[in-house]
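Open the model in your viewer and keep the selection box ready. We will go stop by stop.

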Amino acid sequence: MLPVNPPTRLLMGPGPIDADPRVLRALSTPLVGQYDPWMTATMTETQALYRRVFGTDNDATVLVDGTSRAGIEAALVSLLAPGDRVLVPVFGRFGHLLTEIAGRAGAEVHTIETAWGQVFPTSVIEDAIVRVQPKVLAVVQGDTSTTMNQPLDELGAICARHGVLFYTDATATVGGNPLDVDAWGIDVVSAGLQKCLGGPSGSAPLTLSPRAVAVLDGRRSVEAGIREPGDEVSDDPIRSNYLDLAMILDYWGPRRLNHHTEAASMLYAAHECARILLEEGRDAAIARHELAGRAMLQGVQALGLQVFGDVAHKMHNVVAVEIPSDVVGDQVRTAMLEDHGIEIGTSFGPLHGRVWRIGTMGYNARKDTVVTTLAALEQALRRGGHPVPQGGGVDAALDTFAAADSPAVRA
């Protein structure tokens, strides 16, 4: 049997992306027991880092061990008891995912939908809140299936006015697009490492407001076997053990009440992702993603390619490119991978085979990766029989980077 030896790839799809080498080094460091003083101190330090990443003072800021979907499910199954109403605005594949998870938790799910490639006006969401009167509003911030970024900054105040808890899935946006949990009044946010945070999939940072924690407290049940006198046993417990956020908070909190064995290597990776982001500065990282995304956008447009969706509401870190009718999309993707070692994505549902999704996120939101990808795409298109301006994409991207680096812009 051979050792694991993956091929060298430049991952320029919608995620995952190439992890920052500093994060990979953190993953390779020695394991420590879950109650070692160094380990618990590192957990506490990681919580403090993610408060700054999310822009919150929430004490209840933790990691859920699992991919970003584990964070989503932990949030929804912990907030929603069977029969609770939840409202999900659906504008892509991952809104449907929230609907699926909430339904499996036994919630009464209400949805509103808009065409893929569009977002919702705030007024439409508020009208639906008034009509449905949900316990929870659950919204994807950035849906990579469509590349759209739903504005959230006014929704927190609306939810507070109507007594609704506000949850958002920020897996694909945090670290590369504006997100201010406290300023925007968001009660619960879950995320992942494998996009703008520049790490591997496998850990889900999550934060909860005091209002959300109060909901968990009403459903708190401490397991038999570790229960002590005075511990709660709810008549309406959270319908998952592993993803029970009340128990996870007890594990991360002062009691360190045993729940699971913390995934030490993923803790190290999550810690390093946050440390790197904050070392760069949140605003600087968002600006870097905006610039790289704009350069990629202008590069594909300079190749004569059409961009899908409402560009005014596009995420900074991924663009959906309409596949020209005279090429086979999967053949171009295969050529990119086999000839250049570059991965780009397609999409799901009504967009499968209709668009390529090209990401510029995390460690890969850089000038060299943007230029290399555009050069490879140009060559793959030309060999596939689609005429493109020679050097057009690269030139447009380089012009974008040069303009951003001009003395006038820096001033």
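Contact means heavy atoms within 4.5 Å. Helices (H or I, at least four residues) and strands (E, at least two) are DSSP runs, numbered from the N terminus. This is a predicted model, where local features need pLDDT of at least 70, side-chain atom pairs count only at pLDDT 80 or more, and totals for chains, interfaces and linings use all residues. Residues are numbered from 1 along each chain as its sequence is written, and side-chain values use heavy atoms, with hydrogens and water left out.

**Stop 1: α11 and α13**

Select helix α11 (residues 282–302). Add helix α13 (residues 367–383). Ala292, Ala295, Met296, Gly299 and Val300 in α11 meet Val370, Thr373, Leu374 and Leu377 in α13. By class, this contact has seven nonpolar, two polar and no charged residues. Here Ala, Val, Leu, Ile, Met, Phe, Trp, Tyr, Cys and Pro count as nonpolar, Asp, Glu, Lys and Arg as charged, and the others, Gly among them, as polar.

Now look along the axes, which are lines fitted to C-alpha atoms, for helices over the stretch in contact; angles run from 0 to 180 degrees between N-to-C directions. The axes of α11 and α13 come within 10 Å and cross at roughly 20°. The two helices are therefore roughly parallel. Angles under 35 degrees get that name, over 145 roughly antiparallel, 65 to 115 roughly perpendicular, and the rest oblique.

**Stop 2: α12 and α13**

Keep α13 and add helix α12 (residues 329–340). Their axes come within 9 Å and cross at roughly 120°. So α12 and α13 are oblique to each other. From α12, the contact uses Val332, Ala335, Met336 and His340; from α13, residues including Thr373, Ala376 and Leu377.

**Stop 3: α10 and α11**

Select helix α10 (residues 264–280) and bring back α11. How far apart are the axes of α10 and α11? They are 5 Å apart, at an angle of about 90°. That makes α10 roughly perpendicular to α11. Leu277, Leu278 and Glu280 in α10 meet Arg282, Ala284, Ala285 and Arg288 in α11. Four of the contact residues are nonpolar, none polar and three charged.

**Stop 4: the cores**

A nonpolar core is a set of buried Ala, Val, Leu, Ile, Met, Phe, Trp, Tyr and Cys residues joined through side-chain atoms within 4.5 Å. Buried means under 20% relative accessible area, exposed over 50%, partly exposed in between (1.4 Å probe, protein chains only). The largest core has 91 residues, and Tyr50 is among those that touch the most other members. Its largest share, eleven residues, comes from α10. A second, separate core of 34 residues includes Leu305, Met336, Trp356 and Val370.

**Stop 5: backbone oddities**

Most residues other than glycine have a negative phi, and most peptide bonds are trans. Three places to check follow.

- Select Gly15 and Pro16: the peptide bond between them is cis, with omega near 10°. Pro16 lies in the loop between β1 (10–11) and α1 (21–27).
- Select Gln133: its phi is positive, about 55°. Gln133 sits in the loop between α5 (122–132) and β5 (136–140), and at 61% relative accessibility it counts as exposed.
- Select Arg256: its phi is near 50°, a positive value. Is Arg256 buried or exposed? At 17% relative accessibility, Arg256 counts as buried. Its contacts beyond four places in sequence include Tyr35, Thr40 and Asp250.
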